[in-house]
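Please look over the sequence and the 3D structure shown here before reading on. The report that comes after them is meant for a reader who has not met this structure before.

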Amino acid sequence: MPQQSPERSAPTPRLGAVILTMGNRPEELRALLDSVAKQDGDPIETVVVGNGAPLPALPEGVRTVELPENLGIPGGRNVGIEAFGPSGAEVDALLFLDDDGLLPDTGTAELVREAFAADASLGIVSFRIADPDTGETQRRHVPRLRAADPMRSSRVTTFLGGANAVRTRVIAEVGGLPDEFFYAHEETDLAWRALDAGWSIDYRADMVLHHPTTAPSRHAVYHRMVARNRVWLARRNLPALLVPVYLGVWLVLTLARRPSRPALRAWLGGFREGWTKPCGARRPMRWRTVWRLTRLGRPPVI
């Protein structure tokens, strides 16, 4: 379990923000930056990473990084982390926000600061994503199996990639997001490593990011990368005994959802790729972490 330290129990944790963009939503990006700038409390240092795309004109004081190629979501966010020094050391926690999102409440940053200051074991906070027009929170945006009530905050076992805050001490201890994944499941990979190191993760319904309702399958690579990265997630993090159980369950669930023929073909291709391509270092979690995930309602077999 992480130990209390004077630095981490500071009453006003320093916050930074990492925003990844492909350069194709300049108006939404500007609105998001304005909402970050309007947050109560100390100013939030912000970096915008152009992931293989040039950046539009941005407000004065915003840090910028333009990458010559698209490194994927985890790779781009890792670059944003390092813009705040090694493992983001210049700040105590980093907000990771989608470039078409918006913080509707000016008190969100203060809630984040209070949460980290009050609980030294809290490593990651997952925000509630709500549609700006309907207020609806999609079931897939509640990071737990019992997702019927998005207004209920709770301890969870994963978090939402573009609407969260991560204590930089977590990144320093367990590493950043897995560059190899490019897209899909990179948050769960980091979450499992953080939980195995003794950190906790909270889903907070009162910390809201506005984001239009979308379907993940809008991405052309969705089915292939979801399957490939599911295999990589298991190969990297699970005890050997659980790897075939976890992947067998997901194979059955995928078939039960009756995907279209092209989607199933892409999924099976990704599943095969997950076994044949290198996925980075293997660091299986301890069995007590398996039990902890189970007690939190999400055993690592589903």
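The text below goes through the domains, the sheet, one helix and the nonpolar cores in turn.

This is a predicted model, in which local features need pLDDT of at least 70 and side-chain atom pairs count only at pLDDT 80 or more, while totals for chains, interfaces and linings use all residues. Residues are numbered from 1 along each chain as its sequence is written, and side-chain values use heavy atoms, with hydrogens and water left out.

**Domains**

The chain is assigned domain 1 (15–210) and domain 2 (220–296), the bounds coming from an automatic or database domain assignment. Their C-alpha centres lie 24 Å apart, and the contact between them (heavy atoms within 4.5 Å) takes 20 residues from domain 1 and 22 residues from domain 2.

**The sheet**

Helices (H or I, at least four residues) and strands (E, at least two) are DSSP runs, numbered from the N terminus. Eight strands form an open sheet of mixed pairing, in the order β3-β2-β1-β4-β7-β5-β8-β6, where two strands pair if DSSP finds at least two bridges between them. The edge strands, β3 (63–67) and β6 (154–155), each pair on one side only. Some of the pairings are set out in the table.

| Strands | Sense | Bridges | One facing pair |
|---|---|---|---|
| β1 and β2 | parallel | six bridges | Gly16 and Glu45 |
| β4 and β7 | antiparallel | five bridges | Phe96 and Asn164 |
| β5 and β7 | antiparallel | three bridges | Val125 and Ala165 |
| β6 and β8 | antiparallel | two bridges | Arg155 and Asp202 |

Six of the seven residues of β2 (residues 45–51) are buried, so this strand is largely enclosed by the rest of the structure; buried means under 20% relative accessible area, exposed over 50%, and partly exposed in between, with a 1.4 Å probe and protein chains only. In β7, five of its five residues are buried, with Ala163, Ala165 and Arg167 on one side and Asn164 and Val166 on the other.

**Helix α3 against the sheet**

The buried residues of helix α3 (residues 108–118) are Thr108, Ala109, Val112, Arg113, Ala115 and Phe116. Seen down the axis of α3, these residues fall within an arc of 165°, so they line one face of the helix; the arc is that of the directions from the helix axis to the C-beta atoms. Their cover includes β1 (15–21), β4 (93–98), β5 (122–130), β7 (163–167) and β8 (200–210).

**Nonpolar cores**

A nonpolar core is a set of buried Ala, Val, Leu, Ile, Met, Phe, Trp, Tyr and Cys residues joined through side-chain atoms within 4.5 Å. The largest has 48 residues, of which Leu94, Trp192, Ile201, Leu238, Tyr246 and Leu247 touch the most other members. Helix α6 (residues 222–237) gives the most to this core, with six residues, and the core draws at least three residues from each of domain 1 and domain 2. A second, separate core of 29 residues includes Ala93, Leu97, Leu160 and Met207.

Which residues does Trp192 contact, leaving aside its neighbours within four places in sequence? With those set aside, Trp192 is in contact with Thr157, Leu233, Asn237, Leu238, Tyr246, Met285, Leu293 and Pro300.

Val226 has its place in helix α6, and at 13% relative accessibility Val226 counts as buried. Although Val226 and Ala184 are 42 residues apart in sequence, they are 5.6 Å apart in space, C-alpha to C-alpha. Beyond its neighbours within four places in sequence, Val226 is in contact with Ala184, His185 and Trp267.
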